[in-house]
Amino acid sequence: MTDATSQIREIARNLLSEGRVQTVLGYEEAPLGLGLRPAFVREPSGTGRLVFDARPTLGLARYLPGEIASALARAEDGAAGSGGTTRGATVAVVAKGCDVRAVLRLVADRRIRRENVILIGVPCSGSIDEERFPRLIAKCSGCDARLPEGCDFTIETMAEPRPADRHRPLKVEDLEGMTADERYTFWQRQFARCIRCFACRSVCPACGCRECALESRSPVWLERDVNPSTQSMFHFMRLMHTAGRCVDCGECERVCPVGIPLTLLTRKLMSDIRTLFGVEHPETPGDSEPLARFGLSDPEEFI
Amino acid sequence: MKRIGVYICHCGTNIAGAVDCSKVSRYASGLPGVVVARDYVYTCSDPGQEMIKQDIAGHKLDRVVIGACSPRMHEPTFRNTLAEAGLSPFHLQMANLREHVSWVTHDREEATAKAMDLIRAAVARVTLHTDLASLEVPITKRALVVGGGIAGIQAALDIANAGYHVYLVEREPSIGGHMAQLDKTFPTLDCSACILTPKMVDVSRHPNIDLLAYSEVVEVAGYVGNFRVRVRHKPRYVDSSKCTGCGDCVEACVMKKRIPSEFEAGMGGRSAVYIPFPQAVPLKAVVDGTRCLFLTRGKCTRACEEACSRGAIRFDDSERDSELEVGAVVLATGYDLFDARTKPQYGYGILKNVIDGLQFERLACASGPTDGKIVLANGCEPEAIAFLHCIGSRDVNSNRYCSRVCCMYSMKQAHLARDKTRARVYEFYIDIRAAGKGYEEFYERVQEEGVHFIRGKAAEVSERDGKLVVRAEDTTLGRPVEIAVDMVVLGAGLTPRSDAAEVAQTFHVTRSQDGFFAEAHPKLRPVETNTRGIFLAGACQGPKDIPESVAQATAAAGKVTALFAQDFLRTEAMIAQVNEAMCSGCLWCKPVCPFGAIEAVTITERSGRRTVEREVARVNPSLCQGCGACTAACRTGAMSLLGYTDRQVLAEVDAICLGTPS
């Protein structure tokens with residue numbers, strides 16, 4: 001049991017037994033040694049299941065809108081049954097730096113309210129892929145947000161040393177160094193592998209449409225047949241729908257079963273926003289969403 | 001199947017010169033749904049419209065496509081045609097064969113093919129058109145005039161005299177603007193203050209005018225007929241209801257005459273508590289919060305307070321905002337004089353006795369700091385004066401445009417110099433631009449008065465042996481000249497106000513390339529902006545002299561009163577609409593709406609076995625102007641613009657991309 005695990009368990013137990021939260025969203029051991037899986041702990045007695053370590057884990061932010069909604073509904077039913085008043089139901093969530101930004105994304109998009117979430121921040125020095133030989137997973141390479149900020153609780157652990165990146169993934173600079181033709185060929189090759197499983201869409205904290213444009217049947221924005229044009233279109237549409245709102249959590253790339261380097265695309269977009277709009281941290285949601293406001297100094301080279 | 005009529009307009013030779021119109025109409029007749037297709041020389045003419053009406057009746061048309069000019073020009077015309085024939089005016093689609101085809105495509109074959117593409121797209125789209133409805137909203141019959149110079153004053157008086165209420169907002173403590181600083185006006189040599197002051201008094205006494213001096217507009221929301229304006233009133237630190245403008249506090253102030261006076265263009269001093277000029281309206285003192293020793297450092301004897309017998313000084317005054325509701329706005333924010341410091345070769349700000357045009361006005365003015373004596377910094381009368389034209393104007397390095405007034409004001413000042421001193425007077429000019437009533441005659445008069453005109457732009461001013469030396473090329477003689485003078489007056493041009501960009505954004509108006517506010521059309525809509533209900537007057541639109549400013553102010557006032565003569569305005573029919581089932585309630589559409597038309601509403605809906613509450617965006621149809629910014633901001637596709645729905649636009653795109661012209 002690591003230090004982080006015991007601290008998370010204690011915080012979770014306190015929160016649940018004091019009735020401050022209805023659910024703690026954390027991680028537990030998956031059966032058959034398959035790593036970590038999300039855990040929904042609703043009783044103080046269940047907090048012993050909670051575990052945290054450096055194995056790659058699913059970001060939990062995506063579960064919050066549904067969990068908060070059902071917690072609210074339960075609180076309402078309880079209040080109606082006991083004749084009491086409805087209390088703001090709250091869900092606690094274990095979050096790494098990237099997950100915290102994902103939660104803030106949901107708040108900025110008004111899909112949840114900040115007061116309904118208790119953030120248990122865990123410092124993270126990157127997730128380790130142990131399958132073949134231990135190395136940082138691609139999305140954690142180059143991450144500079146390992147210490148979560150603005151959390152209600154922060155787990156105190158020393159950042160553990162991690163093995164060096166043996167396989168340096170492609171960076172935005174590498175992409176920008178290519179000629180247009182090389183880039184085109186590169187992405188056509190990447191997108192050709194796509195099986196349109198929609199995992200990248202489903203895991204994205206910035207995707208919140210009630211009807212996804214990628215699946216819309218009226219109008220049909222994306223044809224169903226598989227050809228290079230629709231393969232690219234799928235990814236460009238997804239990318240543009242998260243432009244200016246992507247929090248660089250890298251979950252899209254982590255879950256991609258065919259290994260398309262999707263963070264390369266999102267990070268290129270962020271680098272452009274940084275250059276064009278002078279926004280230092282385009283991945284941090286806040287009042288100054290660069291693509292949702294108009295400023296006198298905005299670049300207008302195209303006009 | 002819809003029954004579509006297609007009409008291809010020749011527009012004389014405007015379209016027919018480049019497009020084979022009869023070929024396009026033959027092609028159109030074969031498109032799906034088209035029951036009649038014709039080409040006609042002037043479709044917008046009376047017989048052209050009559051032809052369409054007869055076809056609507058005879059062929060039982062329910063959709064009409066017109067290939068002609070820009071819909072900006074004639075969409076309202078043809079909508080009326082349809083309405084008169086008993087069809088919904090929105091069952092029309094125009095294809096812009098003039099601006100999009102004949103004016104930009106020179107190859108006849110290509111132009112004809114492109115025209116066919118556009119007609120095919122329009123036919124594909126028009127079947128999806130629906131009937132749209134607009135609302136009638138009442139007009140707030142009060143106007144806001146921004147800027148209290150001569151243009152703002154004139155506009156305010158004209159609107160007020162028509163019987164409507166006017167708020168006149170001026171950022172300075174007094175109205176009057178630059179005209180109040182001038183001595184005489186060209187070419188009639190009227191005393192500027194003598195003709196302006198009565199108008200200023202009229203404004204302050206007019207029962208229909210609320211004068212909001214020392215105030216600034218900080219926010220404008222709403223739309224034509226119903227603007228909501230937030231005005232910030234700067235603290236005067238003087239109770240205006242008690243102050244009589246006696247000036248006792250000004251005399252008592254320990255900073256007496258130690259602060260350069262803005263009104264005197266820095267030629268005189270003022271106190272920290274001051275009255276901008278003797279004829280100021282309102283004639284009330286004001287404490288300069290940035291210079292008052294008590295307000296900045298807390299250390300002062302507060303002699304002003306003691307001196308004021310009415311107890312009007314109030315150091316606890318603070319900034320406050322108020323909300324106005326108005327139906328129309330006249331922008332008359334004026335100009336800045338070109339800052340001659342940016343041209344160091346002329347020595348402005350470096351050499352004594354190099355002054356700009358406004359400073360000379362104050363020297364020449366009988367109520368100015370020298371009581372109208374034209375003197376050097378040492379108090380002596382100059383023996384020679386040089387007037388330099390085109391400072392900052394007609395110059396690729398600063399402003400390319402001609403500032404229109406500098407020739408005339410420099411010559412008027414030359415006249416004043418000859419009149420009041422025995423000095424030799426030189427005018428260094430590129431051209432004399434004297435195109436106004438009596439202007440050329442004034443030019444001749446000044447020449448006869450013995451002013452030396454040297455044709456050539458002055459290159460530099462330097463100091464030698466206590467004299468100022470002006471170097472120039474005399475282009476009539478073709479050789480360089482050097483003339484020693486005692487005083488140099490720079491005929492500085494006019495520039496947009498330094499904060500014109502912010503003001504343009506506040507009022508949602510555009511600016512032209514030179515930075516002045518842009519009119520909606522340079523010839524046909526010279527006092528309107530592209531934002532309905534916001535009009536322009538005076539030099540904020542471009543350099544103007546007093547008669548032109550007054551004429552434009554009256555024109556703007558005429559536009560405002562014409563608007564107010566109506567009781568209702570019809571709202572846009574092509575407005576944004578939210579599909580609440582699809583709206584995820586992120587409200588990213590809200591901050592991009594320039595009209596404040598989007599708000600969050602809570603809806604209840606069924607989700608499974610439960611009734612849940614959810615926030616979604618909703619468009620206020622009377623505020624929405626149909627700009628479509630929200631539809632671009634909406635990722636979820638819940639927002640659509642009526643008349644430009646996804647299906648309608650996609651039908652056009654598909655028709656252009658997938659079809660082939662025969």
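## Interface, salt bridges and backbone features of a predicted two-chain model

In this predicted model, 23 residues of chain B are in contact (heavy atoms within 4.5 Å) with 21 residues of chain A. The two chains bury about 1900 Å² between them, with 57% of that area on carbon and sulfur atoms. Buried area here is the accessible area (1.4 Å probe) that two parts lose on being put together, summed over both. On the chain B side, B:Gln505, B:Trp588 and B:Arg635 lose the most area to chain A, together 38% of what that side buries.

Residues are numbered from 1 along each chain as its sequence is written, and chains are lettered from A in the order in which they are written. Local features need pLDDT of at least 70, side-chain atom pairs count only at pLDDT 80 or more, and totals for chains, interfaces and linings use all residues, while side-chain values use heavy atoms, leaving out hydrogens and water.

Side chains of opposite charge can pair when their charged atoms come close. With a salt bridge defined as a side-chain nitrogen of Lys or Arg within 4 Å of a carboxyl oxygen of Asp or Glu, the whole structure holds 58 over all chains. Two salt bridges are counted between chain B and chain A. Two pairs are listed below.

| Salt bridge | N to O distance |
|---|---|
| A:Arg110 and B:Glu615 | 2.1 Å |
| A:Arg55 and A:Glu29 | 2.6 Å |

The pair A:Arg55 and A:Glu29 links distant parts of the chain, 26 residues apart: A:Arg55 is in the loop between strand E2 (36-41) and helix H2 (64-82) of chain A, and A:Glu29 is in strand E1 (residues 23-29). Helices (H or I, at least four residues) and strands (E, at least two) are DSSP runs, numbered from the N terminus.

Most residues other than glycine have a negative phi, and most peptide bonds are trans. B:Tyr237, although not a glycine, has a positive phi of about 60°; B:Tyr237 sits in the loop between strand E12 (226-233) and helix H8 (248-252) of chain B. The peptide bond joining B:Phe186 and B:Pro187 is cis, with omega about -10°, and B:Pro187 belongs to the loop between strand E8 (184-185) and strand E9 (190-191) of chain B. A cis peptide bond also runs from B:Val281 to B:Pro282, with omega near 0°.
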